[in-house]
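Hi,

Here is the structure I promised to pass on. Have a look at it first, and then read my notes underneath.

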Amino acid sequence: MAAPVTSGSTTSGPLAVRLRALLDEAVAAGTLGTGAKIPTERALCDTLQASRTAVRSALAELEREGRITRHVGRGTFLAELEADPGLPAVARGAVQTSPAEIMATRLVLEPEIAALAARHATQADIDHIRHCLRRGDATTTYDEFEAWDSALHRAIAAAAHNGLLLRLFDTMNAARDLPVWGSLKRRTATAERRREYERCHAEIVAALVERDPDAAREHMRGHLVDVRTNLLGAH
């Protein structure tokens, strides 16, 4: 049975962006997990206030991105990157990595993704990014903050509007679900570090709003260097 998803931020903007936001919010809220069945087309039509044709088109776009998988007679599911035999071997092997490799990869990809997002984000993308920032700042628990942190970074990656980069980002991000990553993040988490991450997030988002690629790149890189230092020590 598909998990219900609802959102207060899906009433405007391109339908694929709204659908992506709807799924991201459900994942962050814990009502939808990787590999889970998403709501039916009819339910999505009601939630998004869109026609069946428009919803199918949006689903097709997310399928092309690798965000969802569709199976005739079974339904539509959030993509499970490490279990998808159609992915390249490097994607299926993402679980055989380490926090050091994850951070090295993030430092290669995410600053340039942020610069692209500053150039190419639509207003709907910016609205969703701001929504993720606000929700993250408003959380009261570690797990909620981590979920919205992940949703914010994913929203920035989606705003770059580069399907291949987004696929690479999702492969990399799947590795953050590893127990070794979660344990390390939790052990090193402090209230002071959370406040610093919130400040860094706000700087990144401000650069995106101002359409400043250089500032977006530098703020993202600075944020990730801080995360790496907190997790692994100074390099």
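**What I found**

The protein has 11 helices and two strands (DSSP runs numbered from the N terminus, with H or I over at least four residues for a helix and E over at least two for a strand). Along the sequence the order is α-α-α-β-β-α-α-α-α-α-α-α-α.

Two notes on how to read this. It is a predicted model, so local features need pLDDT of at least 70 and side-chain atom pairs count only at pLDDT 80 or more, while totals for chains, interfaces and linings use all residues. Residues are numbered from 1 along each chain as its sequence is written, and side-chain values use heavy atoms, with hydrogens and water left out.

Of the 235 residues in the protein, 48% are buried (buried is under 20% relative accessible area, exposed is over 50%, and partly exposed is in between, with a 1.4 Å probe and protein chains only). Among contacts (heavy atoms within 4.5 Å) with a separation of 6 or more, 72% are between residues 24 or more positions apart.

**Helix pairs**

Two packed helices are described by the angle between their axes and the distance between the axes. The axes here are lines fitted to C-alpha atoms, for helices over the stretch in contact, and the angles run from 0 to 180 degrees between N-to-C directions.

Take α5 (residues 99–120) and α11 (residues 213–232): they pack at about 160°, and their axes are 7 Å apart. That angle makes α5 roughly antiparallel to α11 (the cut-offs are under 35 degrees for roughly parallel, over 145 for roughly antiparallel, 65 to 115 for roughly perpendicular, and oblique for the rest). The crossing of α5 past α11 is right-handed (the near helix is turned clockwise from the far one by less than a right angle; anticlockwise would be left-handed). On the α5 side the residues that meet α11 include Met103, Leu107, Glu110 and Ala114, and on the α11 side they include Ala216, Met220, Leu224 and Leu231.

The other pair is α7 and α8 (residues 163–174), which pack at an angle of about 160° with their axes 9 Å apart. So α7 is roughly antiparallel to α8 as well, and α7 passes α8 in a right-handed crossing. Here Ser150, His153, Arg154, Ala157 and Ala158 of α7 meet Leu166, Phe169, Asp170 and Asn173 of α8.

In the loop between α7 and α8 sits His161. Its phi is positive, about 55°, although His161 is not a glycine, and the residue is partly exposed at a relative accessible area of 43%.

**Helix α2 and what follows**

Which residues of α2 (residues 41–48) are buried? They are Leu44, Cys45 and Leu48. Seen down the helix axis, these buried residues fall within an arc of 105° (taken from the directions from the axis to the C-beta atoms), so they line one face of α2. They pack against α1 (15–29) and α3 (52–65). Arg42 and Asp46, on the other side of α2, are exposed.

Gln49 comes after α2, in the loop between α2 and α3. Gln49 is exposed, with a relative accessible area of 70%, and its phi is positive, near 55°, in a residue other than glycine.

**Thr139 and Phe145**

Thr139 lies in the loop between α6 (123–138) and α7 (142–159) and is buried at a relative accessible area of 11%. Its side chain reaches the backbone oxygen of Gly136 at 2.8 Å, which is a polar contact (N or O atoms within 3.5 Å; within protein, one must be able to donate a hydrogen and the other to accept it, and residues adjacent in sequence count only if both atoms are side-chain atoms). Not counting residues up to four places away in sequence, Thr139 touches Glu144, Phe145, Trp148 and Arg194.

Phe145, in α7, is buried too, at 5% relative accessibility. Leaving out neighbours within four places in sequence, Phe145 is in contact with Gly136, Thr139, Arg194, Tyr197, Glu198 and His201. Phe145 and Arg194 are 49 residues apart along the chain, and their C-alpha atoms are separated by 8.6 Å.

**Ala207**

Ala207 is in α10 (residues 191–209) and counts as buried at 2% relative accessibility. Beyond its neighbours within four places in sequence, Ala207 is in contact with Ala118, Asp212, Ala215, Ala216 and His219.

Cheers
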